2 protein chains.
Amino acid sequence: MLSKKAKYALKALEYIAKQSDINPILISEISEAQNIPKKFLEAILLELKRAGILKSKKGKFGGYNLLQSADEINLGFIIRLIDGPISLIACVSDKYYEPCAECENEATCGLRNVVNEVRDATTNILTNLTLADMIKREQRLKKSKGNKK
Amino acid sequence: MLSKKAKYALKALEYIAKQSDINPILISEISEAQNIPKKFLEAILLELKRAGILKSKKGKFGGYNLLQSADEINLGFIIRLIDGPISLIACVSDKYYEPCAECENEATCGLRNVVNEVRDATTNILTNLTLADMIKREQRLKKSKGNKK
DNA sequence: AATTATTCTACTACTTCGATAGACATTATA
DNA sequence: TATAATGTCTATCGAAGTAGTAGAATAATT
């Protein structure tokens, strides 16, 4: 499961991306709009800033904006950044690889083979999806819901 | 990521499945063969027994055997049993569904839509794979490695 | 200088994870 | 029937991770 932190990060990014990028967005505005504890959100936005996803402006009329554009921000990247590996076991992870402590031979491990297949399927989806895609999907869902009425 | 507990469970099941099912397999034998702390393994095997996957025999010459056959034991089932939801967020889980605390409308949530796609991909793989499949893969990998030499 | 905001450090409470210890119950066989 | 071997159960532990909070420091604007 994703941590709440990762979920909050994605929700916050979505919110920021949907606003005009002229004025910085306040932490407190995001916090209220998305029901995220403000102080917790602070830490999350800072982390996203350090990772080069957001930029911030201090002081009056300060706040956060995207540094990358929404179609450059990859969902898999954000999840890995906040929560670490996406794979079910570290022995099949790209970015967080660790050898298996129990396995005698990773190359012939059946479990590893299975878990690797899951990882491929997951990362194929996540590394091909951007923040912009997520927002598009939301808009499409809202439209089709409206049409049905 | 899978917990070590889930990984141990799968490794232990694999080991048991590979032995002849005439004699019960000792906890201590599995523990040594698979590098799993014995006392921890005890608790895991008990849980698998309670779930109807294994049967046990107490006393001298006791031990564990499969209760279901290896091609009936579903990998997704084992993982869910030990670790809980496979989905990244509970709002897209079958067995562990919980409404999203922050979302105003789950039906139109872009994040939910994305996460749902990941869940489908993952469960499609895992619910179609059995313990027997995992063992077959291992044997195939070992063979093809042998041929290369 | 005052105000409004982000930034940073530190902390707390809680839960889960991984593992261990020891008493208890059951079974086979000598 | 004694005894050795084995699973069952309860309780506990330390380390790590999760979610969230408090408050001072810093920067930008008016």
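Trainee: Which elements each supply at least two residues of the surface near DNA strand D?
Mentor: Keep in mind that this is a predicted model. Near here means a C-beta atom within 6 Å of the strand. Both protein chains chip in: chain B gives α2 (27–34), α3 and β2 (63–66), and chain A gives α1 and α3.

Trainee: Okay, and where does the largest share of the surface near DNA strand D come from?
Mentor: Start with the whole set, which is 25 residues around DNA strand D. Four residues make up the largest share, and they come from α3(B).

Trainee: Which residues are the closest to DNA strand D?
Mentor: By class, the surroundings hold nine nonpolar, seven polar and nine charged residues. The closest ones sit on chain A: S3(A), K4(A), P37(A), K39(A) and G59(A).

Trainee: Let's switch strands. Which residues come nearest to DNA strand C?
Mentor: There are 23 residues around DNA strand C to pick from. One of the nearest belongs to chain A, and the others named are from chain B. So here's the list, given that near is judged by C-beta atoms within 6 Å: S56(A), S3(B), P37(B), K39(B) and G59(B).

Trainee: Which element gives the largest share of the surface near DNA strand C?
Mentor: Elements with two or more residues there are α1 (4–18) and α3 (38–50) of chain B, plus α2 (27–34) and α3 (38–50) of chain A. The class split is seven nonpolar, seven polar and nine charged residues. With four residues, the largest share goes to α3(A).

Trainee: Now the protein partners. How many residues of chain A are in contact with chain B?
Mentor: A contact needs two C-beta atoms within 7 Å. On the chain B side, 35 residues take part. On the chain A side, the number is 34.

Trainee: Which element gives the largest share of the side of chain A that touches chain B?
Mentor: Three elements of chain A give two or more residues: α1 (4–18), α5 (110–126) and α6 (131–148). That side has 19 nonpolar, six polar and nine charged residues. Ten residues, the largest share, come from α5(A).

Trainee: In what order do the elements of chain A run?
Mentor: Chain A has six helices and two strands to arrange. Going from the N terminus, the order is α-α-α-β-β-α-α-α.

Trainee: Last one: what percentage of chain A is buried?
Mentor: Picture a C-alpha trace spanning about 60 × 45 × 25 Å along its principal axes. To count as buried, a residue needs 20 or more other C-beta atoms within 10 Å of its own. Out of 149 residues in chain A, the buried part is 34%.

Definitions and conventions: Residues numbered from 1 in each chain as written. Chains lettered and ligands numbered in written order. Predicted model: local features only at pLDDT ≥ 70, side-chain atom pairs only at ≥ 80, totals over all residues. Nonpolar A, V, L, I, M, F, W, Y, C, P; charged D, E, K, R; others polar. Buried ≥ 20, exposed ≤ 12 C-beta atoms within 10 Å, placed from the backbone.
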